[in-house]
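Trainee: I would be grateful for a close look at one part of this structure. Please concentrate on a single strand of the sheet and on what surrounds it.

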Amino acid sequence: MHRGLRLPGGGTRLGGDLTPAASSPGLVQRVFGAEFPSPVLLASGTCGYGQEYADLIPLDEIGGLVTKAVSLEPRPGNPPHRVAETPGGMINAIGLENPGLHGFIAEKLPWLREHLRRAHVFVNVVGHSAEDFAAVVRGLDGEDGFLGYEINVSCPNVKGGTMFGTDERALADLVVRLRGCTERPLVIKLTPNVPDVGDFARICEEAGADGLSAINTFPGMVVDIGRREPLIGNKSGGVSGPAILPMGVYATWRARQTCGLPIMGIGGIRNADDALQYILAGACLVQIGTASFVDPGAAVDVHEGISKYLEANGVARLEDLVGALQARPGAGPAIPAG
């Protein structure tokens with residue numbers, strides 16, 4: 001993590017000295033049975049379990065965060081190299097390294113419970129099987145310190161990571177099973193690697209999900225031409241960053257066409273303009289991922305940029321922009337890409 005990173009303009013983002021305009025009532029979003037002071041959250045895998053980021057920005061002044069993955073048993077992750085830059089982004093194959101359910105409860109959750117008051121926390125849940133997912137949710141559900149779950153059925157850099165996210169029947173069965181384990185918000189993180197993400201969004205809604213995260217990374221590979229082998233230790237990984245922005249916006253728009261669930265837009269967001277694309281396409285919240293590695297204060301800047309956009313365009317409430325994408329005059333019916 002870039003503690004003390006010097007930023008353009010001479011600022012140093014340490015100690016929560018940058019306070020976004022979180023008091024703006026127009027930015028408040030009421031969704032998942034909670035009030036979010038900002039529509040901007042930190043994405044899973046990019047902010048640890050919150051504590052790692054606490055000295056960089058005032059976490060309670062953004063909308064919240066999604067924790068790094070939590071699995072039933074601890075996972076060591078993939079062999080190095082795990083991360084590399086790509087044109088327009090980065091590739092990672094961390095391999096869902098995490099302390100496991102009991103380690104999370106003992107070592108991570110107490111800090112979240114004690115330090116976050118306004119920011120909302122979603123726990124990112126992973127599993128090798130439906131029973132794994134259910135065991136994590138059941139194991140956490142009696143705890144406090146978080147709002148809900150982001151169910152990760154879309155990680156491309158572990159074996160079986162997209163098994164549930166690319167099989168309609170398996171996804172429906174998983175959501176139904178998890179619905180029976182909790183009354184907390186259940187948000188399904190969709191993969192873009194399906195013929196039509198809109199179909200999978202509809203399946204989640206019909207099975208009892210409360211919301212969607214769109215999207216996870218795309219599978220990719222970077223080759224070391226000197227060694228003539230993949231640069232990433234896992235051979236392949238997940239591609240994120242600005243390169244996937246149009247695909248994420250499209251997936252959000254398609255999900256909005258087929259279901260009425262709240263959507264958290266993810267993928268390639270660097271600034272407020274990028275975030276507003278997701279919001280106009282149908283997202284009510286957005287998550288900042290790769291951009292935080294470049295600038296830990298990116299979420300604060302996106303928050304402030306959205307606030308300025310509302311003011312400049314005479315928009316009283318952000319929710320008035322959600323899904324407000326307009327068709328060009330004379331345009332035909334929406335046709336899924338593919």
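Mentor: The account below takes up strand β8 and its surroundings. The model is predicted, with local features requiring pLDDT of at least 70 and side-chain atom pairs pLDDT 80 or more, while totals for chains, interfaces and linings use all residues. Residues are numbered from 1 along each chain as its sequence is written, and side-chain values use heavy atoms, leaving out hydrogens and water.

Helices (H or I, at least four residues) and strands (E, at least two) are DSSP runs numbered from the N terminus; two strands pair if DSSP finds at least two bridges between them. Strand β8 belongs to a closed barrel of eight strands, ordered β3-β4-β7-β8-β9-β10-β15-β16, with parallel pairing. From one strand to the next, the twist averages 25 degrees, where axes are lines fitted to C-alpha atoms, for helices over the stretch in contact, and angles run from 0 to 180 degrees between N-to-C directions.

Strand β7 (residues 120-125) is joined to β8 by four bridges, and the two run parallel. In this pair, F122 stands opposite G148 of β8.

Because five of the five residues of β8 are buried, β8 is largely enclosed by the rest of the structure; buried means under 20% relative accessible area, exposed over 50%, and partly exposed in between, with a 1.4 Å probe and protein chains only. In a regular strand, side chains alternate between the two faces of the sheet. In β8, G148, E150 and N152 point one way, Y149 and I151 point the other way, and all are buried.

Helices also contribute to these surroundings. Among the elements covering the buried residues of helix α2 (residues 130-140) are β7, β8, α1 (100-115) and α3, contact meaning heavy atoms within 4.5 Å. Those buried residues of α2 are D132, F133, A134, A135, V136, V137 and L140.

N152 also leads to an enclosed space. A cavity is a set of points, on a 1 Å grid over the protein atoms alone, where a 1.4 Å probe fits but cannot get out, and lining residues have an atom within 4 Å of a point. Grid points are joined across faces, edges and corners, and volume is the space filled by probe spheres set on them. The structure holds one cavity of 30 Å³ or more, and the largest cavity contains about 80 Å³ of space. Of its 14 lining residues, G127, N152, V158, G160 and G161 are the closest to the centre.

Terms used: 1 Å grid on protein atoms, 1.4 Å probe; cavity = no way out; pocket = protein on both sides within 12 Å on 5 of 7 lines; lining within 4 Å.
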